[in-house]
Amino acid sequence: MMITLDLLSLLQAGFIQRAFMISIIIAVLSSVLSIFIVLKKMSLIGDGLAHTAFGGLALGYYLNINALWTAAVTVILSSLGITKAMRSTKVAGDAAIAVFMQLGLAGGIVLISVSRGFGINLESLLFGSVLLVNFDQIIAALITSAITLGIIFLFFKEMVYVIFDETQARAAGIKTWFFDYLISVLAGIVVIVAIPIMGVLLISALLVLPALTSIQLSKSFRQTVILSPIIGLITVISGMFMSIIIDAAPGGTIVLAGLAILGTVFLLKRIQSFFEKSRKTSVN
Amino acid sequence: MEQVNPIVEIRDLSVRYPNGVLALEDINVDVNERDLIALIGPNGAGKSTLLKVILGLIKPTSGSVKLFGTQELSKNLKYVGYVPQSAQARDSNMPFSVYETIMLGRTPHAGLFHGFGAQDKQKVEEMLKLFGIYDLKDRKIGQLSGGQSQRVFLAKAVVGEPRLLLLDEPTSGVDTTSKSEFYNVIERLNKERGITVIISSHDIGVITKIVNRVLCINRTQFFCGENTDFSASIEIPKMYNHAVELMKHDDHP
């Protein structure tokens, strides 16, 4: 009873409401994009970009200018750089991501070390915090999400063709190089929008888990597109509640919620196929 | 679009891969409207490479390729249907239904910033019936047999109403019954719909029964002409022997 009352009064607090609002925006945005990222086999790009975002934030703190702007510039440039390296035949794709990741993290930690004393909360930067969200960020998240989803909507069928099969898409006259860059840049935008809640270390999970889970359950692309945001929303909202109840960093609880859903889906599918098999044997 | 003859024009074509390997050398071919051409040659002869050059997926090192009268290949790709080698779902969990897979073939026709319309849906329905896969339309493509998968990808290539169809080893990994059904369909597409077809294959015996022309390559061109002038008993050994000689020559420069 006490816990329920505490939770209710907490939910009335402005900062919690803001955290929920931005989480819902992030959930929808990232789960739609995650479909393209997972099917294009670039699940690690979120990780790479998040680490460069860390470097970008640190640079902002060091220079004492708006850190989200420096992070945005760093992430967009990195997403272009990673894509260029991945498209080149000289560098393996995962190696390209690894190099950017190391540069971001190493550069970031050195800059943060030398600018200590500016009151940077490293923990909330790395793992997210419900305390960090202000109203301007919600508006910014809303606008960037609308633009990002609008771009996906405009190029939807071309993007779908590219993730279905790049060679066949090229043979159909689609400029696949453009969509390689576009998907990376959109991933970068999601990373920047999601930093305050998810933190840089756990952001990439939201760019993978909703799609991965919905693909397990879908028989068609249409179903995947409908299911992914639903799973994303359930993940983020349950993770936020958990974060408030046990007073843990939301990045961690959200990712654990997403993994729990994925695990449950895998388990249910196993049980289902087990029963189907035993039914077939009993019929025979 | 206007009538162009020949619809594919390949002149002195050579392709060298970035690793230095010469994949094709001195290829000269004209493909005319309504041709049904067998592209034959041993493994690694450059058959796939040649088809990819026509699609602009691989750039020639020297020589030229014209598609429907122009060297700007990308301009006319929407009139070309392509089924790549071992066309099937990348993995069994790919979340695409048969219907959605075939619909992808309408992408160049729907136009940028437009969704698929009633006409696109009608074409897909027509293909589902034509290829006898209507019952499979809601099936996930990763759960199809080799023969079913092959029909789906052919339907995806034909749904865009191509004037030229490029099929890369379409019958590999398919059982004999499905193979002969498949060749029947190809023959009908060529005769009834007037689609020009280039089909690369190993089944020399079967394929030369349906085609009107044969193009025989093994890095270089060995034979290009009417099916009636083609004799497998002469050309094929010639092609293989030459390959062996070249290999020996490469060993001892």
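**Sheets, helix packing and chain contact in a two-chain model**

Colleague: What order do the strands take in the open sheet of six strands in chain B?

Modeller: The order is 5-6-7-3-8-9, and the pairing is mixed. The model is a predicted one. Strand 5 (80-83) and strand 9 (220-226) of chain B are the edge strands, each of them pairing on one side only. From one strand to the next, the twist averages 15°.

Colleague: How do you know that strand 5 of chain B and strand 6 (residues 164-168) of chain B pair?

Modeller: The criterion is at least two bridges between two strands. Strand 5 and strand 6 of chain B share four bridges, in the parallel sense, and therefore count as paired. Within that pairing, Gly81(B) has Leu165(B) of strand 6 as its bridge partner.

Colleague: Which strands of chain B does helix 6 (residues 176-193) of chain B lie across?

Modeller: Helix 6 of chain B lies across strand 3 (36-40), strand 6 and strand 7 (196-201) of chain B. With strand 7 of chain B, helix 6 makes an angle of about 155°.

Colleague: Chain B also has an open sheet of three strands. What makes strand 2 (22-31) and strand 4 (62-67) of chain B its edges?

Modeller: The order of that sheet is 2-1-4, with antiparallel pairing. Strand 2 and strand 4 of chain B each have a single partner strand, so one side of each lacks a neighbour in the sheet. Neighbouring strands are turned by 20° against each other on average, direction ignored.

Colleague: How do you know that strand 1 (residues 8-16) of chain B and strand 2 of chain B pair?

Modeller: Six bridges join strand 1 and strand 2 of chain B in the antiparallel sense; the cut-off is at least two. Leu13(B) stands opposite Ile27(B) of strand 2.

Colleague: Why is chain B, with its eight helices and nine strands, called as compact as a globular protein of that length?

Modeller: For 253 residues the globule rule gives 18 Å, and the radius of gyration of chain B is 19 Å, close to that value; the chain is therefore as compact as a globular protein of that length. Along the principal axes, the C-alpha atoms of chain B fill a box of roughly 60 × 40 × 35 Å.

Colleague: What does the radius of gyration of chain A say when set against a compact globule?

Modeller: A compact globule of 284 residues would have a radius of gyration near 19 Å, and the 20 Å of chain A agrees with this. The secondary structure of chain A consists of 14 helices and zero strands. Its C-alpha atoms fill a box of roughly 75 × 60 × 30 Å along the principal axes.

Colleague: Why are helix 3 (residues 45-63) of chain A and helix 10 (residues 176-198) of chain A called oblique?

Modeller: Their axes come within 9 Å and cross at roughly 55°. That angle is neither under 35 degrees nor over 145, and it falls outside 65 to 115, so the pair belongs with the rest, which count as oblique. Helix 3 passes helix 10 of chain A in a right-handed crossing. The residues of this contact comprise eight nonpolar, three polar and no charged. Gly46(A) and Gly188(A) take part in the contact, and they belong to the polar class because Gly is counted there.

Colleague: What makes helix 4 (residues 67-87) of chain A roughly antiparallel to helix 10 of chain A?

Modeller: Helix 4 and helix 10 of chain A pack at about 150°, with their axes 9 Å apart. Angles over 145 degrees count as roughly antiparallel, so this pair qualifies. The crossing of helix 4 and helix 10 is right-handed. Among the contributing residues are Leu68(A), Val75(A) and Arg87(A) of helix 4, and Trp177(A), Asp180(A) and Ile195(A) of helix 10. The contact comprises 14 nonpolar, four polar and two charged residues.

Colleague: Why is helix 12 (residues 209-217) of chain A called oblique to helix 13 of chain A?

Modeller: The two axes come within 8 Å and cross at roughly 130°. This angle lies beyond the range 65 to 115 and yet is not over 145, so the term is oblique. Helix 12 passes helix 13 of chain A in a right-handed crossing. Including Leu209(A), Ser214(A) and Leu217(A), residues of helix 12 meet residues of helix 13 such as Leu227(A) and Ile231(A). By class there are seven nonpolar, six polar and no charged residues in this contact.

Colleague: How many residues of chain A are in contact with chain B?

Modeller: 18 residues of chain A are in contact with 21 residues of chain B. Helix 8 (156-164), helix 9 (166-171) and helix 13 (221-246) of chain A each give two or more residues to that side of chain A. The residues on that side divide into seven nonpolar, seven polar and four charged.

How values were computed. Residues are numbered from 1 along each chain as its sequence is written. Chains are lettered from A and ligands numbered from 1 in the order in which they are written. This is a predicted model: local features need pLDDT of at least 70, side-chain atom pairs count only at pLDDT 80 or more; totals for chains, interfaces and linings use all residues. Two residues are in contact if their C-beta atoms, placed from the backbone, lie within 7 Å. Axes are lines fitted to C-alpha atoms, for helices over the stretch in contact, and angles run from 0 to 180 degrees between N-to-C directions. A crossing is left-handed if the near helix is turned anticlockwise from the far one by less than a right angle, and right-handed if clockwise. The radius of gyration is taken over C-alpha atoms; the globule rule is 2.2 Å times the number of residues to the power 0.38.
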